[in-house]
Amino acid sequence: MRTAICSGSFDPITLGHLDIIRRAAACFDRVWVCVSPNAEKKNQMFTPEQKLQLVRAAVAGLDHVEAELWPGLLADYAVAHGASVIVRGVRSVADFDVEYQMALINRGIHPELETLLLPASAEYQHFSSSMAREMIRYRQPLEQYLPSSIIPLVRDMLEKKEG
């Protein structure tokens, strides 16, 4: 069985993230979506548990795709789940540079791990979780940025946070 990992902080998961996960699912027998708490990122909108809930709702209709929280190293997560490939999306040359460096680090930790960089689909190249958070904060329509299955959850989480 060919297993791949898609990872991110998913604060929140966007249509761009979901596109990469779907494309990975078409190439592998099993895909684990690793939700990383990533305490280094500033201005996080959602808790790790909320992020996981949103990711699970977004991937619910995808066969052989599951999501989990993982606070440790991605390379260790991949090995623990029997994955030989980490799939990452890249939107730009800057993303490529960061992901290339991470691929080398992950391979240094576990030499059997490969990293597959998928270019973002054209319609999602400008997407980021930061941009989605701004749209959420300013109560803008979210349908063109977020999976439709998570929009009610996002709104509910935001109301509870502000309530």
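From the N terminus on, the elements of the chain follow the order β-α-β-α-β-α-β-α-β-α-α. This amounts to six helices and five strands in a model that is predicted. The radius of gyration is 15 Å, close to the 15 Å given by the globule rule for 163 residues, so the chain is as compact as a globular protein of that length. Along the principal axes, the C-alpha atoms fill a box of roughly 45 × 30 × 30 Å.

Of the 163 residues, 45% count as buried. Among contacts between residues at least 6 apart in sequence, 76% join residues at least 24 apart. The area exposed by the chain is about 8800 Å², of which carbon and sulfur atoms supply 54%. The side chains include 17 positive and 20 negative ones, and the centres of these two sets lie 3 Å apart.

The largest nonpolar core comprises 40 residues, and within this core Ile-21, Val-87 and Leu-146 have the most contacts. At least two residues of the core come from each of strand E1 (3–8), helix H1 (15–27), strand E2 (30–35), helix H2 (48–59), strand E3 (65–69), strand E4 (85–90), helix H5 (129–137) and helix H6. Helix H1 gives the most to this core, with six residues. When neighbours within four places in sequence are left aside, Ile-21 is in contact with Cys-6, Phe-10, Ile-13, Val-33, Val-59, Leu-62 and Val-65. A second core, separate from the largest one, has 10 residues, among them Trp-32, Cys-34, Ala-78 and Ala-83.

Helix H6 spans residues 151–162 and contains Lys-161. The relative accessibility of Lys-161 is 55%, and this residue therefore counts as exposed, the cut-off for that class being over 50%. Apart from its neighbours within four places in sequence, Lys-161 is in contact with Gln-44 and Met-45. The pair formed by Lys-161 and Met-45 is separated by 116 residues in sequence, while the C-alpha to C-alpha distance is 9.5 Å. Lys-161 is thus described by two features: an exposed position, and contacts with Gln-44 and Met-45. Helix H6, in which Lys-161 lies, is also one of the elements that supply at least two residues to the largest nonpolar core.

Note on methods: Residues are numbered from 1 along each chain as its sequence is written. This is a predicted model: local features need pLDDT of at least 70, side-chain atom pairs count only at pLDDT 80 or more; totals for chains, interfaces and linings use all residues. Side-chain values use heavy atoms; hydrogens and water are left out. Helices (H or I, at least four residues) and strands (E, at least two) are DSSP runs, numbered from the N terminus. Buried means under 20% relative accessible area, exposed over 50%, partly exposed in between (1.4 Å probe, protein chains only). Contact means heavy atoms within 4.5 Å. A nonpolar core is a set of buried Ala, Val, Leu, Ile, Met, Phe, Trp, Tyr and Cys residues joined through side-chain atoms within 4.5 Å. The radius of gyration is taken over C-alpha atoms; the globule rule is 2.2 Å times the number of residues to the power 0.38. Accessible areas come from the Shrake-Rupley method with a 1.4 Å probe; for residues, only the protein chains shown count as cover. Lys and Arg count as positive and Asp and Glu as negative; His and the chain ends are not counted. The place of a charge is taken as NZ of Lys, CZ of Arg, CG of Asp or CD of Glu.
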